[in-house]
Amino acid sequence: MTTAIKPLTAPAHVSAIAPYQAGKPIDELAREFGLDPAGIVKLASNENPLGMPESAARALAAAAGTLARYPDPNGFDLKAALAERYGVPMGWITLGNGSNDILEIAALALLEPGASAVYAQHSFAVYRLATQARGARHIQVPARDHGHDLDAMFEAIEDDTRLLFIANPNNPTGTFVPGAEVAAFLERVHAAHGDRVTVVLDEAYNEYLDPELRFDSVALVRQYPNLIVSRTFSKAYGLAGLRVGYAVAQPALTDLLNRVRQPFNVNTLAQAAAIAALGDADYLARSYELNKAGKRQLCEAFDSLSRRYVPSYGNFVLVHVGDAPRVNVELLKRGVIVRPVAGDGLPEWLRVTIGLPEENQRFIAALTEVLAV
């Protein structure tokens, strides 16, 4: 008797997920178009063009001899450094495999079928993916001027809402909500819903803000027990390949996050490099200044090409190019990788990471040539 083989089945909400599409790797583009990898400029993934800090490289070398052992599962030294930096107890900090991991952990801890999450249109794709993976309901709020409409997001909260995401600055559009507006929103949410609705304030690009725009989000954590602040070492600190992020929240939320966090989720090298980078003020200042000058370089070029763009508060600029698929392919043929954002509801736009001055110029020259065809 032959037993019929049943086809592979999975929960419908998992089967419906469209996997995250990362920026095209340099080697992949080189193979695809027969290009020299050394001549390719990658401005697609919001990486720091300065490369890893020398301080972090030295820390990696010093830690290499311990790699036969598992990493510290609780990240004591890194948590201690972060606790000192932000003036909070170590028990308020959760470590993640990049801040992406923090977002997934928050969704795992707080969402389930029958619950909902609120997030803005044109915001970070992982909010949608993390919600979908838990079988929770999506409440996507239309963007206002390519950014967050906090009034509409507040009104969108329903009885089953458990999680609300705010990216500030926002990826991929680069918009920013001032601190006073964030604080007022948190007060409204907590007054109306108490601790039932957790707000995740995703500050992956915080270090690129001009000093006058920076605000103390950790002070808001002290005030609101329903707030998680998420940050990363992948952007301004130059450690994207090591994948280390962290969250700051009051103990009740931190306890939930750590119940579902994978053990050893931040490796030994990542912990050592992050501690070194956190203390490297000179590197962070150079990252900020380079980014500020590069942003000006790109925006002046877009102005001269009569291209609309969204004023950015991060390390990238969203620019309108019209036929984005064609423009993107033509840029790839010229050895320039940028990020199409049709999947974020922006089919006529490209997101361009700010690189070194010469990398920015390569992109500008290539874009000018493509648009002239």
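## Exercises on a predicted model

The largest cavity has a volume of about 50 Å³. This value, like the others below, comes from a predicted model.

### Exercise 1. Cavities

Task: state how many cavities of 30 Å³ or more a search of the whole structure finds, and describe the lining of the largest cavity by residue and by class.

Solution.
Step 1. The search covers the whole structure and returns 2 cavities of 30 Å³ or more.
Step 2. Lining the largest cavity are Glu 47, Asn 48, Pro 49, Tyr 208, Ser 287, Leu 290, Asn 291, Asn 315, Ile 354 and Gly 355.
Step 3. Sorted by class, this lining has 4 nonpolar, 5 polar and 1 charged residues.
Step 4. The second largest cavity has a volume of about 40 Å³. Its lining consists of Asp 72, Pro 73, Asn 74, Gly 75, Leu 95, Arg 261, Phe 264, Asn 265, Val 266 and Gln 271. The classes here are 4 nonpolar, 4 polar and 2 charged.

### Exercise 2. The second largest pocket

Task: give the volume of the second largest pocket and say which element supplies the largest share of its lining.

Solution.
Step 1. The second largest pocket holds about 270 Å³ of space.
Step 2. It is lined by 14 residues, of which Asn 206, Glu 207, Arg 214, Arg 231 and Leu 284 are the closest to the centre.
Step 3. Two or more lining residues come from each of α4 (76-86), α9 (217-223) and α12 (281-304).
Step 4. The largest share belongs to α12, with 3 residues.
Step 5. By class, the lining of this pocket has 7 nonpolar, 2 polar and 5 charged residues.

### Exercise 3. An open sheet

Task: give the strand order of the open sheet of 4 strands and explain why β9 and β12 each have one side without a neighbour in the sheet.

Solution.
Step 1. The order is β9-β10-β13-β12, and the pairing is antiparallel.
Step 2. β9 (309-310) and β12 (339-340) are at the edges, and each has a single partner strand, so one side of each lacks a neighbour in the sheet.
Step 3. Within the sheet, β10 (residues 316-320) and β13 (residues 349-353) run antiparallel and are joined by 5 bridges. Leu 318 is placed opposite Arg 351 in β13.
Step 4. Across β12 and β13 lies helix α13 (residues 324-333), at about 35° to β13.

### Exercise 4. Cis peptide bonds and Pro 172

Task: locate Pro 172, decide whether it is buried or exposed, and list its contacts beyond four places in sequence.

Solution.
Step 1. Pro 172 is in the loop between β5 (161-167) and α8 (179-193). Pro 169 belongs to the loop between β5 and α8 as well.
Step 2. The bond joining Asn 168 and Pro 169 is cis, with omega about 0°. From Asn 171 to Pro 172 the peptide bond is also cis, with omega near 20°.
Step 3. The cut-off for buried is under 20% relative accessible area. Pro 172 has 3% relative accessibility and therefore counts as buried.
Step 4. Beyond its neighbours within four places in sequence, Pro 172 contacts His 122, Ser 123, Phe 316, Leu 318, Val 341, Asp 344, Leu 346 and Arg 351. Among these, Leu 318 and Arg 351 are the residues that stand opposite each other in Exercise 3.

### Exercise 5. Positive phi

Task: for His 146 and Arg 243, give phi, the place in the chain and the exposure.

Solution.
Step 1. His 146 is not a glycine, yet its phi is positive, about 65°. This residue sits in the loop between β4 (137-141) and α7 (150-156). With a relative accessible area of 25%, His 146 is partly exposed.
Step 2. Arg 243, not a glycine either, has a positive phi of about 55°. Its loop is the one between β7 (227-232) and β8 (245-248). A relative accessibility of 30% puts Arg 243 in the partly exposed class.

### Exercise 6. Thr 198

Task: find the strand that holds Thr 198 and state whether Thr 198 is buried or exposed.

Solution.
Step 1. Thr 198 is part of strand β6 (residues 198-202).
Step 2. With 2% relative accessibility, Thr 198 counts as buried.
Step 3. Setting aside residues up to four places away in sequence, Thr 198 touches Leu 110, Arg 162, Leu 163, Leu 164, Asn 226, Ile 228 and Leu 253.

How values were computed: Residues numbered from 1 in each chain as written. Predicted model: local features only at pLDDT ≥ 70, side-chain atom pairs only at ≥ 80, totals over all residues. Heavy atoms only, no water. Pairing = 2+ DSSP bridges. Contact = heavy atoms within 4.5 Å. Axes fitted to C-alpha atoms, helices over the stretch in contact; angles between N-to-C directions. 1 Å grid on protein atoms, 1.4 Å probe; cavity = no way out; pocket = protein on both sides within 12 Å on 5 of 7 lines; lining within 4 Å. Points joined across faces, edges and corners; volume = space filled by probe spheres on them. Nonpolar A, V, L, I, M, F, W, Y, C, P; charged D, E, K, R; others polar. Buried < 20%, exposed > 50% of the residue type's maximum accessible area, 1.4 Å probe, protein only.
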